[in-house]
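User: Hi! Could you walk me through some rings and cysteines in a structure?
Analyst: Happy to, here it is.

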Amino acid sequence: MIDTLANVKTSLLVSGTTDDALLTRLMDAADAFITEFTSRDFAGGSFTETHPAGRSLVFLRNYPVASVTSLKVDASRQFGSETTRDASTFVVHADRGVVESVCGPFLPPRFAHRDDWPAAVQVVYSTATGAVPAAVKQAFCELIGHWYRFAKTAKDQDYQMLTVVVDVNGEKQWPWSLAAGEPLPPGVLQLLAAYRVPTV
């Protein structure tokens, strides 16, 4: 999970435990959204990925890279022990999550495009846990807050998409955009943009 329930509640100025179940569900959804949007897993841990072998660079989805356990190159994609490359044949640019072959493409390209030999490079690596960037945590909280406000508003409107309610307590009004639903806040996408895996 990108952040804790306690930190999310502090960010949203929510006290008490009444909405903990709702916030937990929204946290799961926000975590999945951010993983999908950025193509990265910020929780850290061990990962196994495959990439094309017809070029000399591999762009890992998660970074900074703490360590590379193994790098295997196999045109048949069986990845037996005999396909393991010696660490002296590649360089890991840890901060950017890039693995670079020091002797040209991992496999000689057969065609004139960079994705030749698809899924023929297998990299097993790890990233640090508990090292989520502050900007990603902020986007996480803002996204949860966005959904949380709509959930609370919908409940207040008795789930009828109303703009005005009159009861014994007087009149309550909402702008139509809040009643009908708004797109994701641009700030969330702006915060996450810098952390998306580059398209290569």
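User: Is F42 buried or exposed?
Analyst: F42 is buried, because its relative accessibility is 7% (buried means under 20% relative accessible area, exposed over 50%, partly exposed in between, with a 1.4 Å probe and protein chains only). This is a predicted model, where local features need pLDDT of at least 70, side-chain atom pairs count only at pLDDT 80 or more, and totals for chains, interfaces and linings use all residues. Residues are numbered from 1 along each chain as its sequence is written, and side-chain values use heavy atoms, leaving out hydrogens and water.

User: Cool. How many aromatic pairs does the structure hold?
Analyst: There are three aromatic pairs (rings of Phe, Tyr and Trp, its six-membered ring, with centres within 6.5 Å; planes under 30 degrees apart are stacked, over 60 edge-to-face, the rest tilted). One of them is F33 with F37, which is stacked, at 5.9 Å centre to centre and 15° between the planes.

User: And where do F33 and F37 lie?
Analyst: Both are in helix 2 (residues 20-38), four residues apart, about one turn of the helix. Helices here are DSSP runs of H or I with at least four residues, strands are E runs of at least two, and both are numbered from the N terminus.

User: Switching topic: how many disulfides are there?
Analyst: Zero, where a disulfide is a pair of cysteine sulfur atoms within 2.5 Å. As for two cysteines, C103 is exposed because its relative accessibility is 54%, while C141 is buried at 5%.
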